[in-house]
Amino acid sequence: MSRLIRTIASVGAAAALGGGLLAAQHPAAAADTPPATRFAARVQAELPNAQHGVVNEPTTDVDGGQNAAYIAAGDWLRFDDVAFPREFPFNFFKARVASGARPHVTGTVQVRLDSITGPVIGEIAVGNTGGWQSWRTDTVAMTRSVGGVYDVYVTFAGESRADFVNVNWIGFS
Ligand SMILES: [Ca+2]
Ligand SMILES: [Ca+2]
């Protein structure tokens, strides 16, 4: 199932970038390949090492590129080998989110380390932000400080099965 969805995401990315102009402006997005290492301060949501139920699309957010979309409860993203500073561990989880969810449709963006069933160490509640490209950055304190290298899981939860959020990037501080 996830393989099929990745294929769809790749086709969508290729189609979106086929015009050339966007590809020229954002060559990194065209590769559709997660970086080997990345710093926790900002992790692009559209470049996971694995995911379920998520499709990438071009974003009109300030830095351009792509965002992860069509996200409902039960969907997830995995980012391998994310580096947090060891000497000054990070305490906050942030997510760049937008939502055109219907009234009363809300959900949460959760972060876990090294296991998709591990404890949620940070959780951001999202409802309609004014549209699927109306972006805001939400920040929450985590339940623990994080230093070192981890596989970061972003899981999505909620009562509704409807899509409730787009994510451009996540980050820590
Ligand atoms: Ca989905
Ligand atoms: Ca992005």
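These are my notebook entries on a predicted model of a single chain.

**Entry 1: the overall count**

I began with the secondary structure and found 3 helices and 12 strands in the chain. Next I looked up burial: of the 173 residues, 35% are buried. I also checked how far apart in sequence the contacting residues sit. Among contacts with a separation of 6 or more, 74% are between residues 24 or more positions apart.

**Entry 2: the core**

Which residues have the most contacts inside the largest nonpolar core? I noted Ile 71, Val 109, Val 154, Val 165 and Val 167, in a core of 34 residues. The elements giving two or more residues to this core are S5 (66–71), S6 (76–84), S7 (90–99), S8, S9, S10 (131–146), S11 (148–157) and S12 (165–172). The largest share comes from S12, with 5 residues.

I then followed Ile 71 outward. Leaving out residues up to four places away in sequence, Ile 71 touches Gly 53, Val 54 and Phe 156, and also Asp 163, Phe 164, Val 165, Asn 166 and Val 167. Two of those partners, Val 165 and Val 167, are on my list of core residues with the most contacts.

**Entry 3: strand S12**

Having seen the share that S12 gives to the core, I stayed with this strand. Is S12 largely enclosed or largely open? It is largely enclosed by the rest of the structure, because 7 of its 8 residues are buried.

I went through its pairings one by one:

- S7 runs antiparallel to S12, and 6 bridges join them; here Ala 95 stands opposite Ile 170.
- S2 (residues 43–44) is also antiparallel to S12, with 2 bridges; Val 43 has Ile 170 as its bridge partner.
- S5 pairs with S12 in the antiparallel sense over 2 bridges, and Ala 68 is matched with Val 167.

Ile 170 thus turns up in my notes twice, once opposite Ala 95 and once as the partner of Val 43.

**Entry 4: strand S11**

I turned to S11 next. S6 pairs with S11 in the antiparallel sense, over 7 bridges, and Ala 83 faces Val 149 there. S8 is antiparallel to S11 as well, joined to it by 6 bridges. In that pairing I found Leu 113 bridged to Val 152.

**Entry 5: Arg 96**

I picked an arginine in strand S7. Is Arg 96 buried or exposed? Arg 96 counts as buried because 22 other C-beta atoms lie within 10 Å, where the cut-off is 20 or more. Beyond its neighbours within four places in sequence, Arg 96 is in contact with Asp 61, Trp 135, Thr 137, Val 167, Asn 168 and Trp 169. I also looked up its distance to Gln 44: the two are 52 residues apart in sequence but 9.7 Å apart from C-alpha to C-alpha.

**Entry 6: the loop between S8 and S9**

Two residues caught my eye in this loop. Gly 118 lies between S8 (107–113) and S9 (122–126), and it is partly exposed because it has 14 C-beta neighbours inside 10 Å. Setting aside neighbours within four places in sequence, I found Gly 118 in contact with Arg 112 and Leu 113. Its C-alpha is 9.1 Å from that of Tyr 153, a residue 35 places away in sequence.

Asp 114 sits in the loop between S8 and S9 too. What did I find for its phi? The angle is near 65°, a positive value in a residue other than glycine. Asp 114 is exposed, since 10 other C-beta atoms lie within 10 Å.

**Entry 7: another positive phi**

I noted a positive phi for Tyr 70 as well, near 55°, and again the residue is not a glycine. Tyr 70 belongs to strand S5. With 18 other C-beta atoms within 10 Å, Tyr 70 is partly exposed.

**Entry 8: Gly 130**

My last stop was the loop between S9 and S10, where Gly 130 is found. Gly 130 counts as exposed because 11 other C-beta atoms lie within 10 Å, and the cut-off for exposed is 12 or fewer. Its C-alpha lies 6.6 Å from that of Ser 99, although the two are 31 residues apart in sequence.

Notes: Residues are numbered from 1 along each chain as its sequence is written. Chains are lettered from A and ligands numbered from 1 in the order in which they are written. This is a predicted model: local features need pLDDT of at least 70, side-chain atom pairs count only at pLDDT 80 or more; totals for chains, interfaces and linings use all residues. Helices (H or I, at least four residues) and strands (E, at least two) are DSSP runs, numbered from the N terminus. Two residues are in contact if their C-beta atoms, placed from the backbone, lie within 7 Å. A nonpolar core is a set of buried Ala, Val, Leu, Ile, Met, Phe, Trp, Tyr and Cys residues joined through C-beta atoms within 7 Å. Two strands pair if DSSP finds at least two bridges between them.
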